[in-house]
Amino acid sequence: MNIRIFITGGTGSFGRALLRYWIKQHSMGASAPLVTVLSRSPQAFLEQFPEFQEQPWLSFHLGNILECETLPKGEAFTYVLHAAADSTLESQLVPLNRYDQIVNGTRNVLEFAIASGVERFLFISSGGVYGKQPINFEGIPESYHGIPDLLHSSNGYSMAKRTAEHLCALYHAQYKIEIVIARCFTFVGRDFPLSVHFAIGNFIRDALWRDEIVVEGDGTAVRSYLDQSDLAEWLLALMKKGKAGNAFNVGSDKAITIADLAFLVRDLIAPNKRVRVLGGATINGERSYYVPDITQAKEELGLAVNISLEDAIRNTAEAVSKI
């Protein structure tokens, strides 16, 4: 029996990472599943990314997660991978609308999955659900029960993801559908934007096309980055084998300060360029730290960070410079 996967958010960064992973697997002789991608504008997407045209295993369905009647009723799928949510600052959504998109959209997709007899459901969540990472944590574990500030509207995205996670837990308990949650951190790759609030993308853009590499803050914030090829492999492993009812951190555990990251990008891509740190005080004098503990994914699923940060930066720069 053919495996059939329905993906929401399949035209975004996460979705394109998955599609490129399957194209590569297919080119190496491996069989690809039958994949249906939900899109509000399939034609515009395929015109922008023609490499996804005429893939025999890939189809697109015109629809919107907020409009239940547009979902592909009557079709049977093995898995649903729900990744639809705009996490970038480019979005014109105000926090309340973004909250509605994530929460109401997730409920609609869960209802669709139940009606379609889906076996397993992977929800793409965020490491932001933990709130501020304690300074004594080198990596934040899934067992940490912190929470973002409920009274700050800027946390609408993270709080919506928390609410959507709870919806997943309710549907798992009520309908016995196997649901796994991927709490995703920070990533790098050709399909992640270069001109929004993701520091590594900004640095790669600056190294390739601008006179200097600019660090907007004081550079003390700490992040880690997983290559999008590893991301795709991790998500598919969670979708197929992750323990139902559990959340798994997805990301790299190799921490780096933003300032060090800027110099690393410079050294790898544009050794003669200047790195300029604009400075500015940290919020409340506290350093921002956002790094996952990935012990659970390593021990339960045998997952690993296979692509080094250095190689991920080089690969991304090479890919985007050809676009």
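Visitor: How much area does the protein expose, and what share of it do carbon and sulfur atoms supply?
Guide: The exposed area comes to about 15500 Å², and carbon and sulfur atoms supply 50% of that area. Please keep in mind that this is a predicted model.

Visitor: What secondary structure does the protein have?
Guide: The protein contains 9 helices and 13 strands. Its radius of gyration is 19 Å, close to the 20 Å that the globule rule gives for 323 residues, so the protein is as compact as a globular protein of that length.

Visitor: And what does the C-alpha trace span along its principal axes?
Guide: The trace spans about 55 × 45 × 40 Å.

Visitor: What percentage of the residues is buried?
Guide: Of the 323 residues, 53% are buried.

Visitor: Which residues touch the most other members in the largest nonpolar core?
Guide: They are W22, V35, L122, I124, L235 and V250, in a core of 41 residues. Helix α6, residues 228–241, gives the most to this core, with 8 residues.

Visitor: What is L235 in contact with, leaving aside its neighbours within four places in sequence?
Guide: L235 is then in contact with F14, L18, L122, I124, A182 and C184. Apart from the largest core lies another one, of 26 residues; I102, V109, L110 and I177 are among its members.

Visitor: Changing topic, how many positive and negative side chains are there?
Guide: There are 30 positive and 35 negative side chains. The centres of these two sets lie 0 Å apart.

Visitor: Back to contacts: what share comes from residues 24 or more positions apart?
Guide: Among contacts with a separation of 6 or more, such residues account for 79%.

Conventions. Residues are numbered from 1 along each chain as its sequence is written. This is a predicted model: local features need pLDDT of at least 70, side-chain atom pairs count only at pLDDT 80 or more; totals for chains, interfaces and linings use all residues. Side-chain values use heavy atoms; hydrogens and water are left out. Helices (H or I, at least four residues) and strands (E, at least two) are DSSP runs, numbered from the N terminus. The radius of gyration is taken over C-alpha atoms; the globule rule is 2.2 Å times the number of residues to the power 0.38. Buried means under 20% relative accessible area, exposed over 50%, partly exposed in between (1.4 Å probe, protein chains only). Contact means heavy atoms within 4.5 Å. Accessible areas come from the Shrake-Rupley method with a 1.4 Å probe; for residues, only the protein chains shown count as cover. Lys and Arg count as positive and Asp and Glu as negative; His and the chain ends are not counted. The place of a charge is taken as NZ of Lys, CZ of Arg, CG of Asp or CD of Glu. A nonpolar core is a set of buried Ala, Val, Leu, Ile, Met, Phe, Trp, Tyr and Cys residues joined through side-chain atoms within 4.5 Å.
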